[in-house]
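Reader: Hello! I am new to this structure and would love a close look at its surface. Please take me through it step by step.

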Amino acid sequence: MDLLLPLLLVALLIPMFLGVRRQKREMAKVTDMQNDLKVGDRVVTTSGLFGTVVELDDTTVDLEIAEEIVTTWLRQSIREVRTDDDAQTDGDTTEETSADAVETVEAGSDNHVEAADDAPKLTKD
C-alpha cells in the first residue's frame, strides 16, 4: 500500500514528460523551418494565406500573394513551406471540386427551389 502513491505519481508524470519533449521537438522543427526560409519559397501562413517569399528580414517576411501584390508578415506566422508536389496536388483537387460543384448546381438547381418550398415556415407565437 505504501508503494501505490509513488507508482501513481510516476505513471502520471512519465506521459506528461514525454508529451513536453515531443512538443519541444516540434517547436524546434518549426523554428528551424522559419529560419531557413529563402526567397522564392512557396509558403502557407498560420491564417491559411498562400504566398511566395520575395524578401526576408530578421523578423519579417514579404509575401507575394498575387501578381504585384506584396504583404509583410512576421516570420512566426509562416506555418509551412510548400513543395511543387503539394501545389500541383492541391491545384488538381480544386479544379475537380469546382467542376463537380458546377455540375451539381446545374443539375439540381430546380430541386433546391422545391426543397425550400417544402421547408417548415416559422411563425411568431
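How much accessible surface does the chain have, and what share of it belongs to carbon and sulfur atoms?

Author: Happy to help! The accessible surface of the chain comes to about 10300 Å², and carbon and sulfur atoms hold 58% of that. These areas come from the Shrake-Rupley method with a 1.4 Å probe, and for residues only the protein chains shown count as cover.

A word on the background. This is a predicted model, in which local features need pLDDT of at least 70 and side-chain atom pairs count only at pLDDT 80 or more, while totals for chains, interfaces and linings use all residues. Residues are numbered from 1 along each chain as its sequence is written, and side-chain values use heavy atoms, with hydrogens and water left out.

To find your way around, follow the elements from the N terminus: they run α-β-β-β-β-β-α. Helices (H or I, at least four residues) and strands (E, at least two) are DSSP runs, numbered from the N terminus.

Now to the surface itself. Leu5, Leu9, Leu13, Met16 and Val20 make a nonpolar patch of about 490 Å². Patches are made of residues with over 30% relative accessible area and no salt bridge; like charges are joined within 9 Å, and nonpolar side chains (Val, Leu, Ile, Met, Phe, Trp, Tyr) within 5 Å. Met16, one of the patch residues, lies in helix 1 (residues 4-35). Its relative accessible area is 54%, so Met16 is exposed. Here buried means under 20% relative accessible area, exposed over 50%, and partly exposed in between (1.4 Å probe, protein chains only).

Helix 1 also holds a charged pair. Lys29 and Glu26 both lie in this helix, three residues apart, about one turn, and their side chains meet in a salt bridge (3.6 Å, N to O). That term stands for a side-chain nitrogen of Lys or Arg within 4 Å of a carboxyl oxygen of Asp or Glu. Lys29 is exposed, because its relative accessible area is 53%, whereas Glu26 is partly exposed at 41%.

The whole structure has three salt bridges. Another joins Lys38 to Asp41, with the closest N and O atoms 3.2 Å apart. Lys38 counts as exposed at 51%, but Asp41 is buried, with a relative accessible area of 11%. Glu80 and Arg79 also form a salt bridge, their closest N and O atoms being 3.9 Å apart. Glu80 is partly exposed at 31%, and Arg79 is partly exposed at 44%.
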